[in-house]
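Trainee: I would like to understand how the descriptive words used for a protein model are justified. Could we go through them one at a time?

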Amino acid sequence: MKTHQEHVGVEARGPGLHDVTVQVARVVKASGVRTGMCNVFVQHTSASLVVQENADPAVRRDLQRFLSRIAPESADYEHDTEGPDDMPAHIRAALTKTSENVPVAGGELALGTWQAVYLWEHRRAPYGRILVVTVWGTA
C-alpha cells in the first residue's frame with residue numbers, strides 16, 4: 001500500500017465553484033497509485049468542496065444562488081467580525097462539505113463524464129485556499 005500527500009494552493013477569485021480537478025489529478029499522477037482512493041480536504045471554514053457537473057455552467061450558478069437564499073448576507077448574524085459575508089460563508093460551508101473522496105482507477109481520478117472537483121468559495125474577496133490531497137492504494 002502506497003500513501004502520498006501534498007498541499008495544493010488555490011487562488012479563489014471570489015464566490016462560486018472553482019474547478020480544481022487538474023490540480024488534484026496532478027497529485028494522483030505524482031503518487032504512483034494505480035488503484036485506490038483520493039481524499040481532498042480544504043483547510044478553511046468559509047469554503048467547501050463538491051463533486052459537481054462540469055458541462056453546463058448554469059448548474060454552478062444555480063447552486064450559488066440556492067445557497068445565497070439559504071444563508072443570505074442580509075440576515076442578522078451575531079458573528080460579523082470580517083464583514084457581512086463572513087457568517088453566511090460559515091453557514092454555507094457547514095451545509096456542504098470540507099472533503100471529498102474520489103476513487104483512483106488506472107492511475108487517474110475515476111470521475112464520471114460530466115464530473116469535476118470544485119472548491120466552493122463562499123467569501124466575496126479573493127482568497128488563497130489550501131487543499132490537502134491524500135492518495136492511497138496500490139501501484
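Mentor: The secondary structure of this protein comes to three helices and eight strands, where helices (H or I, at least four residues) and strands (E, at least two) are DSSP runs, numbered from the N terminus. This is a predicted model, in which local features need pLDDT of at least 70, side-chain atom pairs count only at pLDDT 80 or more, and totals for chains, interfaces and linings use all residues. Residues are numbered from 1 along each chain as its sequence is written, and side-chain values use heavy atoms, with hydrogens and water left out.

Trainee: What makes the protein as compact as a globular protein of that length?

Mentor: Its radius of gyration, taken over C-alpha atoms, is 16 Å, and the globule rule (2.2 Å times the number of residues to the power 0.38) gives 14 Å for 139 residues, which is close, so the protein is as compact as a globular protein of that length.

Trainee: Which strands are the edge strands of the open sheet, and what makes them so?

Mentor: The open sheet has the order β2-β7-β4, with antiparallel pairing, and two strands pair if DSSP finds at least two bridges between them. The edge strands are β2 (16-19) and β4 (47-53), as each pairs on one side only. β4 and β7 (residues 115-121) pair over seven bridges, and A47 has E121 in β7 as its bridge partner.

Trainee: What share of the residues counts as buried?

Mentor: Of the 139 residues, 40% count as buried, meaning under 20% relative accessible area (1.4 Å probe, protein chains only).

Notes. Buried means under 20% relative accessible area, exposed over 50%, partly exposed in between (1.4 Å probe, protein chains only).
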